[in-house]
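Work through the exercises below with the sequence and the structure side by side, trying each task before reading its solution.

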Amino acid sequence: MSRPDELADRWRAARPPFAGLHLDSAACSRQSFAVLDAVAKHALHESEVGGYVAADAAAPVLDAGRAAAAKLFGMPGAEVVFTTGSLHALDLLLGSWPSDQRTLACLPGEYGPNLAVMDAYGFEVRTLPALADGRLALDDAAFELADDPPDLVHLTPVASHRGVVQPLAMVAKLCGELGLPLVVDAAQALGQIDCAVGADVTYSSSRKWIAGPRGVGVLAVKPELMSQLTPRLPAPQWSAELSIAQQLGFGEANVAARVGFSVALGEHLAYGPDSIRARLAELGDTARSLLADVGGWVVVEEAEEPSAITTLAPVDGADPEAVRAWLLAERGIVTTYAAVARAPRELTAPVLRISPHVDTTAADLEVFAEELIAATSATMP
């Protein structure tokens, strides 16, 4: 395992310098020179030999990217489809789900856009029991799932609006014992926590903790479940005979972005997923400890939560949206403003979120704490 300082130095040296302070990796991380170069070289190759010829030449890289995703998901035999992102992956999956199976269980803190996709396909959404901090109440959930099983369980192990880590491995074990399909939204989890639990379906995006390009994601499905899917938009009859996975992935694609994502996945494995997760958890602990006493805010997560995300809930009139804008305009600090729509069944007021990657230092977090005080003061009515 790499030492934290060594990992941070390597990560920082592999990227262009940032013009300010980047604390927004849960939204979009910074790509490496290698990823940027791979994307640019593929685009150049398309211009030189034609897009479809270049795509054929990139097949080994794309295959390696699919294999890397399957490895990180603990799904070595899965069929892996590139998508445009996490929401697109869920859209493809639920749009293909058997029409007679329309009950779904998920947590109260489910991502708002995910709920919209579920509703669009007519799923009855049941709420799993949760503790006060939004964490799954595992024993109660086990009883409910066994007593009245849904057609699938959808779990987002790390939400968009707070850094609480759900007991993913235990949920996977429970669903396996009950024979319930488990679908995992790993958009915030991949790269930040261990996702190798062998769920039936796992999907994620490129741009967050893996630090790949925007506009690309991945959907991994175990073969036995893939065989039950019926693509909502099957490939046209004039095309060659395609597998279900190929039909799900049929259509126009930004192959350059997929190449970049594949390179980013390879980099992640080369750095060492365990080292990255340990460093991210350490930074989360440091950030939450530093910010615990900043006036106008309360830290949502416990200090020792194994996540790099720190969520700040406003008190005494602090305005997360105005503070986020001030930090960016006045100090070049990138953070996230999270509105209630991110988790409409759980979040009651907007919050401010920071999410440093492994190259962030304790000194950077100290600077943020000081500037947060300044921003809060400057934006108070």
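The exercises that follow concern a predicted model, and each one is paired with a worked solution.

**Exercise 1. The annotated lysine**

Find where Lys208 is placed, decide whether Lys208 is buried or exposed, and list what Lys208 touches.

Solution. Begin with the record: an unreviewed UniProt entry annotates Lys208 with "modified residue: N6-(pyridoxal phosphate)lysine". The next step is to locate the residue, and Lys208 sits in the loop between β7 and β8. Its relative accessibility is 10%, and buried means under 20%, so Lys208 counts as buried. Finally, leaving out residues up to four places away in sequence, Lys208 touches Ser25, Ala26, Ala27, Ser29, Ala187 and Gln188.

**Exercise 2. Around the same loop**

Describe Ser205 by its strand, its burial and its contacts, and then say what is notable about the phi of Ala211.

Solution. Ser205 belongs to strand β7, which covers residues 201–205. With a relative accessible area of 4%, Ser205 is buried. Residues up to four places away in sequence aside, Ser205 touches Ser86, Ala187, Val216, Gly217 and Phe261. Ala211 lies in the loop between β7 and β8 (217–221), and is also a buried residue, at 1% relative accessible area. Most residues other than glycine have a negative phi. Ala211, which is not a glycine, has a positive phi of about 65°.

**Exercise 3. A second positive phi**

Locate Asp316 and decide whether Asp316 is buried or exposed.

Solution. Asp316 is in the loop between β10 (310–314) and α13 (320–331). The phi of Asp316 is positive, near 60°, in a residue other than glycine. Its relative accessible area of 68% is over the 50% cut-off, so Asp316 is exposed.

**Exercise 4. Two nonpolar cores**

Which residues touch the most other members of the largest nonpolar core, and which helix gives the most to that core?

Solution. Start from the general tendency, which is that nonpolar side chains in soluble globular proteins tend to be buried together. In this model the largest nonpolar core has 60 residues, and Phe73, Leu128 and Leu182 touch the most other members. Helix α11 (residues 255–271) gives the most to this core, with 7 residues. A separate second core has 25 residues, including Ala89, Leu90, Cys106 and Leu248. To look at one member of the largest core more closely, take Leu128, whose contacts beyond four places in sequence are Ala105, Cys106, Leu107, Pro108, Leu136, Ala141, Leu145 and Val153.

**Exercise 5. Two helices checked by length**

Compare the end-to-end span of α11 with the expected value, then do the corresponding check for α12.

Solution. For α11, 17 residues at 1.5 Å a residue should span 24 Å, and the end C-alpha atoms are 24 Å apart, which agrees. Of those 17 residues, 13 are buried, so α11 is largely enclosed by the rest of the structure. After α11 comes Gly272, whose phi is positive, near 105°. Helix α12 (residues 273–291) has 19 residues and reaches 27 Å from its first C-alpha to its last, close to the 27 Å expected. Among the buried residues of α12 are Ile276, Leu280, Leu283 and Ala287.

**Exercise 6. Pocket and cavities**

Which elements each supply at least two residues to the lining of the largest pocket, and how many cavities of 30 Å³ or more are counted?

Solution. The largest pocket has a volume of about 760 Å³. Its lining is made of 23 residues, and Ala55, Gly249, Gly251, Ala253 and Arg258 lie nearest its centre. The elements that each supply at least two lining residues are α3 (51–57), α4 (59–72), β2 (79–83), α10 (244–248) and α11. Turning to cavities, the count comes to 3 of 30 Å³ or more. The largest cavity has a volume of about 100 Å³. It is lined by 13 residues, and those closest to its centre are Leu107, Gly109, Gly134, Ala159 and Gln166.

Methods. Residues numbered from 1 in each chain as written. Predicted model: local features only at pLDDT ≥ 70, side-chain atom pairs only at ≥ 80, totals over all residues. Heavy atoms only, no water. Core = buried A, V, L, I, M, F, W, Y, C linked by side-chain atoms within 4.5 Å. Buried < 20%, exposed > 50% of the residue type's maximum accessible area, 1.4 Å probe, protein only. Helix = DSSP H or I, 4+ residues; strand = E, 2+ residues; numbered from the N terminus. Contact = heavy atoms within 4.5 Å. Expected span 1.5 Å × (residues − 1). 1 Å grid on protein atoms, 1.4 Å probe; cavity = no way out; pocket = protein on both sides within 12 Å on 5 of 7 lines; lining within 4 Å. Points joined across faces, edges and corners; volume = space filled by probe spheres on them. UniProt positions renumbered as here; feature names shortened; annotations may be inferred.
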